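Reader: I'm new to reading protein structures, and I'd like a close look at one strand in the middle of things. Could you pick one and walk me through what surrounds it?

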Amino acid sequence: MEKRVARISAKPEPVLVELTKSAVIVIDMQNAFVSSGGMFDIIGFDVSKITHIIKPLKDVLDVSRKLGLKIIYVRHTYLPDLSNAGSSESPNYWKEYSLALLRKYPDYRDRMLIKGTWGAEIINEIKPLAEDIIIDKQRYSGFANTELENTLRKLNVKYLFFTGIALNICVESTIRDAFSREFWPILLSDCCEAIGPSYTRKATIWNVKQLFGWVTTSRDYIRALQKLAPKNEKEMEKL
């Protein structure tokens, strides 16, 4: 297979990635978090602060698929009986946001993160395609007790482009674990959003840039990939 290397403009410095060893990771873009009527919306969180990332994320997915990058959706879900959520002895039982809300608002069960419900589904705007991979998780990190690492190893993936929500919780937790497992994390900053005070977003971006990986934007990512795209006019029009 031909080696295609892209030079991505990023901070703190440009990073070279091999596209055949790259994957886009989409974290927790689910109705419960992003959609009107979902869990966040019910409790009064302004979901319009999240929806602005959908357009650049969709653009990233479209170009990535056309150039053959792997797309992996990481989804936070619990079984209907909550048997994989942790007992009352688990900190996850007490601190994970959706579980605490489920105890408080049991009538809104289908708008939260129970597998098979509307709330747990990926939003319609970026629905997974048949060839995409879906990994379910029950903790903040996508690597915690999941098949994510095994899947990446089998696919011979090294470079991970991170998108999704919440930047300062599940995205950052997964990036930290990716770094510790010798993957190369690259954050697409305009394809992610944090929750909480504005400084939480700044803190995560600083952490990634200085300690755990690289930070770029969808525009710089797409520009770098398009330089490796087919050069004839008809094929370029498809991008």
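Author: Here is a walk that starts from one strand and moves outward to its neighbours. Keep in mind that this is a predicted model.

Let's start with strand β6, residues 159-165. Seven of its seven residues are buried, so the strand is largely enclosed by the rest of the structure. You can check this face by face. On one side sit Tyr159, Phe161, Thr163 and Ile165, on the other Leu160, Phe162 and Gly164, and both sets are buried.

For contrast, look at strand β1, residues 5-8. Its covered face has Ala6 and Ile8, while Val5 and Arg7 lie on an uncovered one. β1 pairs with strand β2, residues 15-18, through four bridges, and the two run antiparallel. A hairpin of six residues joins β1 to β2, and Val5 stands opposite Glu18 in β2.

Back to β6, then: who are its partners? Strand β3 (residues 22-27) pairs with β6 in the parallel sense, over six bridges. Within that pairing, Val24 has Phe161 as its bridge partner. β6 is also joined by six bridges to strand β7 (residues 184-193), again running parallel, and there Ile165 stands opposite Glu193. To get from β6 to β7, follow helix α8, residues 167-180: strand, helix and strand make a right-handed β-α-β unit.

Now zoom in on one residue of β6, Thr163. Its relative accessible area is 0%, and because anything under 20% counts as buried, Thr163 is buried. Leaving out residues up to four places away in sequence, Thr163 touches Val24, Ile25, Val26, Ile27, Leu57, Val171, Leu188, Cys191 and Cys192.

Some of those names come back when you look at the nonpolar cores. The largest one has 50 residues, and the members touching the most others are Ile8, Val17, Val24, Val26, Met29, Ile126 and Tyr221. Helix α4 (residues 54-66) gives this core its largest share, five residues. There is also a second, separate core of 25 residues, which includes Ile25, Leu152, Val171 and Val208.

Tyr221 is worth a stop. Apart from neighbours within four places in sequence, Tyr221 is in contact with Ile8, Val24, Val60, Ser64, Leu69, Phe161, Leu188 and Thr216. One of these, Val60, is found in helix α4. Val60 is buried too, with a relative accessible area of 0%. Beyond its neighbours within four places in sequence, the contacts of Val60 are Val24, Leu188, Cys191, Ser218, Tyr221 and Ile222.

One more helix rounds off the tour: α9, residues 198-212. At 1.5 Å a residue, its 15 residues should span 21 Å, and the end C-alpha atoms are 21 Å apart, which agrees. The buried residues of α9 are Thr200, Thr204, Ile205, Asn207, Val208 and Phe212. Looking down the axis, you'd find these buried residues within an arc of 155°, so they line one face of the helix. The general reason for patterns like this is that an α-helix has 3.6 residues a turn, so residues three or four places apart point the same way. Turned away from the buried side of α9 are the exposed residues Ser198, Tyr199 and Lys202. And what covers the buried residues of α9? The cover includes α8, β7 and β8 (214-216), and with α8 and β7 you are back at the β-α-β unit that begins with β6.

Note on methods: Residues numbered from 1 in each chain as written. Predicted model: local features only at pLDDT ≥ 70, side-chain atom pairs only at ≥ 80, totals over all residues. Heavy atoms only, no water. Buried < 20%, exposed > 50% of the residue type's maximum accessible area, 1.4 Å probe, protein only. Pairing = 2+ DSSP bridges. Right-handed = clockwise from strand over helix to strand, strands pointing away. Expected span 1.5 Å × (residues − 1). Arc of directions from axis to C-beta. Contact = heavy atoms within 4.5 Å. Core = buried A, V, L, I, M, F, W, Y, C linked by side-chain atoms within 4.5 Å.
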